[in-house]
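This report introduces a structure to a reader who has not met it before. The sequence and the model are shown first, and selected elements are then described in turn.

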Amino acid sequence: MTVSGDSFTKSIPALEIVDPGLQTTVQDFPGRLGLQSLGFFPSGPADHFAFRVANVLVGNPPGAAALEIPLGRFHAVALHDGLISVCGASGVDVRINDRSVSTWEAVPVTAGDSLRCSVARGPGFRLYLAVSGGIAVPEVFGSMSTFLVAGIGGLDGRALARADVINAHAKGAQRKRGYRLPLDLRPRYTSNWEIEILRGPHADPDFLTESDYKELLSTEWRVDVSSDRAATRFHPHQFRWARDRGDVTGGHPSNILDGCYPLGGILAYGDTLTVLGPDGHVSGGSTVVATVAHASMWKIGQLRPGRDTVKLKEINLDQAAGLDDHMQFTLRPQQLEPL
Amino acid sequence: MAAIITRSELPEGRPTVTYRTAGDRYVLVEYGAEATVDLCANFFVHEVARRIAASPIPGVRETAPGLRSLLVRFIPRQISQCDLVAALEEVHHQVPPPASLTVPSRRIVLPIAFDDSTSREAVHRYLITIRPDAPNVINGNNIDYVSRYNGFADRDDLYSAILNTEWWNAFTGFYPGLPSLLPLDPRCRITAPKYNPARAWTAEGAVGLGGPCIVIHPLETPGSYQLLGRTLPIADLVRSERSRSLDPVMFLYGDRIQFERVEEGELIELRRQAFEGAYEYRIELGEYSVSEHLAEVSRLSDEVTSRHAEPASAVRKVQIP
């Protein structure tokens with residue numbers, strides 16, 4: 001067994017990657033939050049709900065580092081005895097050696113076990129794989145999250161590759177007893193999503209017309225195939241706009257003088273609505289017509305590019321607080337079934 | 001629920017304020033008139049951000065400046081949107097009018113090699129892979145286009161405009177460490193339209209112009225600003241966050257940048273030293289007086305008005321991408 005670091009940050013090899021899948025990355029939560037004035041969005045999981053559940057099921061703090069696996073199709077070998085859990089996209093066949101195991105619950109593994117996830121065939125898009133102890137990689141600007149654009153965080157700032165070895169913190173790595181998330185607390189995945197938003201900062205009446213805003217809420221938006229961790233794009237749509245043209249900054253009426261964007265902001269990028277994800281750009285000169293409620297951001301992370309549709313539902317601050325409370329309730333260890 | 005929370009008029013000499021809902025975790029505060037590039041609004045934004053950093057509002061986690069706006073992130077369990085707006089309103093009344101501000105501002109001298117080979121390489125790739133007939137490319141570069149767009153007789157006049165002023169970092173954003181710079185000397189205002197469509201590759205260290213802003217690319221990324229040249233690496237993200245305090249490299253809002261012209265061969269040597277950790281970045285701590293700035297701007301106003309008649313007519317003779 002290799003032991004690295006001092007006694008407080010001892011880590012041991014946990015997984016060896018056989019097939020990393022499409023673009024699997026190490027993330028933690030809430031990521032690199034608090035550095036927007038230096039140009040950083042936080043990175044971290046695109047679905048912060050399934051991610052945190054995966055961690056608490058194996059006894060980790062909810063924000064511990066774990067793997068984000070888009071689409072599924074992943075194969076690794078366990079390098080020590082402990083627990084793993086897989087949460088997220090549905091229709092995934094998870095196997096330990098030749099035995100099918102459940103998602104949304106902790107599963108014991110022993111060194112040498114093969115862990116495979118199939119492609120996600122059901123609704124949802126991203127899987128989260130947590131290991132007991134939590135993944136151990138160096139922190140960069142205060143977080144272990146991978147930010148691919150800048151090439152920082154995670155494992156050498158990149159997506160995982162074949163033959164990578166992922167370490168876990170030694171403390172808690174060999175935990176034996178985990179939890180299951182009760183069925184009635186699991187999020188419901190679909191291919192036709194309803195996502196809660198708050199109006200603005202740049203909506204009607206000064207930027208959009210009243211009927212533009214109604215269209216924003218009544219349109220069934222198709223999720224473009226080019227969507228990723230930085231941005232989820234909807235199909236192009238021409239609003240009428242409440243003004244003829246943009247400011248000095250550009251010709252399109254959606255253009256304004258550059259400012260910083262909220263995470264989950266829905267930008268009018270010309271005629272394409274774009275939802276800013278955790279790896280998005282932090283500022284620019286587009287109007288932000290609405291903002292996804294914090295507690296609903298997980299749905300953005302589970303949208304399947306090129307397939308799913310979205311209807312936006314406006315809520316107010318009280319309703320957003322209610323969604324927050326519900327999410328916090330679900331993450332409490334008392335709600336989990338001990339195994 | 002309306003997108004605009006409220007508007008307020010501040011006492012004399014200060015910009016009007018618009019508070020906007022930006023989800024349940026952020027409030028976007030906008031200052032002054034919508035369509036105007038106004039350094040005073042930006043000075044005010046920075047001062048508000050600094051005040052909040054110095055005496056934190058409980059529940060506020062961070063602020064992020066834009067050209068004329070401030071994004072404020074808060075924890076709704078700790079402070080309601082309503083209380084946050086009231087607290088911000090109080091801060092706004094404490095901030096003196098921009099004209100009386102003296103603000104902390106580092107001065108950073110950076111070498112620039114105009115029309116360098118990586119800028120030409122990026123333009124070349126753009127022509128081959130994206131838009132062969134791009135009107136913003138003349139003689140295989142963007143510089144001659146930007147010169148014509150601004151009504152300069154030749155590229156040396158463009159270079160003078162860039163070298164003869166300090167450039168004010170209005171905010172750092174888009175991607176980590178990327179400064180958006182405005183000229184402090186109004187005679188040096190230059191402008192350019194952006195690429196259409198965007199460029200797929202830009203070298204790290206590239207200096208570009210889009211709209212009224214100069215940016216420096218901290219990373220190899222796509223881009224849409226007209227390329228002018230190249231400077232040193234400005235964001236050492238990979239090695240460690242020590243770069244934030246010791247090395248230059250992460251620009252803070254309110255930093256001033258002075259470009260000094262070098263030939264490309266010299267720049268390559270300086271870049272080599274920077275990567276080896278042997279280059280001493282030229283950074284002076286200091287202050288910037290807004291009142292002196294405003295006095296200078298008003299002294300130069302006649303000269304600026306006559307100078308800006310030329311570009312207006314030049315723009316009409318140049319094709320927009």
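## Helix α2 of chain B

In helix α2(B), the residues B:L84, B:V85, B:L88 and B:H92 are buried. Seen down the axis of α2(B), these buried residues fall within an arc of 95 degrees, so they line one face of the helix. The face of α2(B) turned away from the buried side carries the exposed residues B:C82, B:E90, B:H93 and B:Q94. It should be noted that the model is a predicted one.

Several elements of chain B meet the buried residues of α2(B): they pack against the strands β1 (4-8), β2 (17-21), β3 (26-31), β4 (60-65) and β5 (69-74), and against the helix α1 (39-54). The length of α2(B) can also be checked. The helix comprises 14 residues (residues 81-94), which at 1.5 Å a residue should span 20 Å; the end C-alpha atoms are 20 Å apart, so the expected and computed values agree.

## Helix α1 of chain A

Helix α1 of chain A covers residues 48-57, and 10 of its 10 residues are buried, so this helix is largely enclosed by the rest of the structure. The buried residues of α1(A) include the aromatic pair A:F49 and A:F51 together with A:H48, A:R52 and A:N55. A:A50, A:V53, A:A54, A:V56 and A:L57 are likewise buried in α1(A). After α1(A) comes A:G59, which has a positive phi, near 85 degrees.

## An open sheet in chain A

In chain A, 5 strands form an open sheet with antiparallel pairing, in the order β2-β3-β10-β5-β8. Its edge strands are β2 (25-27) and β8 (106-109) of chain A, each of which pairs on one side only. From one strand to the next, the twist averages 30 degrees.

Within chain A, strand β5 (residues 82-88) is joined to strand β10 (residues 126-131) by 5 bridges, and the two run antiparallel. A:V86 has A:L129 in β10(A) as its bridge partner.

## Strand β7 of chain B and its partners

Strand β7 (residues 107-114) of chain B pairs in the parallel sense with strand β15 (residues 256-261) of chain B over 6 bridges. By contrast, β7(B) runs antiparallel to strand β16 (residues 282-284) of chain B, to which 3 bridges join it. B:R107 takes part in both pairings: its bridge partner in β15(B) is B:R256, and its bridge partner in β16(B) is B:E284.

Strand β14 (residues 226-230) of chain B is also joined to β7(B), by 2 bridges in an antiparallel arrangement. Here B:F114 stands opposite B:G229 in β14(B).

## The loop residue B:S105

B:S105 lies in the loop between β6 (102-104) and β7 of chain B. Is B:S105 buried or exposed? With 21 other C-beta atoms within 10 Å, B:S105 is buried, since a residue counts as buried at 20 or more.

Leaving aside neighbours within four places in sequence, B:S105 is in contact with B:G254, B:D255, B:R256, B:G286, B:E287 and B:Y288. B:S105 and B:V72 are 33 residues apart in sequence, and their C-alpha atoms are 22 Å apart in space.

## The contact between the chains

The contact takes 41 residues from chain A and 43 residues from chain B. On the side of chain A that touches chain B, β13 (192-199), β16 (255-260), β19 (283-286), β20 (288-292) and α4 (317-331) of chain A each supply at least two residues. The largest share of that side, 4 residues, comes from β16(A). By class, the side of chain A that touches chain B has 20 nonpolar, 18 polar and 3 charged residues.

Notes
Residues are numbered from 1 along each chain as its sequence is written. Chains are lettered from A and ligands numbered from 1 in the order in which they are written. This is a predicted model: local features need pLDDT of at least 70, side-chain atom pairs count only at pLDDT 80 or more; totals for chains, interfaces and linings use all residues. The expected span of a helix is 1.5 Å times one less than its number of residues. A residue is buried if 20 or more other C-beta atoms lie within 10 Å of its own, exposed if 12 or fewer, and partly exposed in between; C-beta atoms are placed from the backbone. The arc is that of the directions from the helix axis to the C-beta atoms. Two residues are in contact if their C-beta atoms, placed from the backbone, lie within 7 Å. Two strands pair if DSSP finds at least two bridges between them. Axes are lines fitted to C-alpha atoms, for helices over the stretch in contact, and angles run from 0 to 180 degrees between N-to-C directions. Ala, Val, Leu, Ile, Met, Phe, Trp, Tyr, Cys and Pro count as nonpolar, Asp, Glu, Lys and Arg as charged, and the others, Gly among them, as polar.
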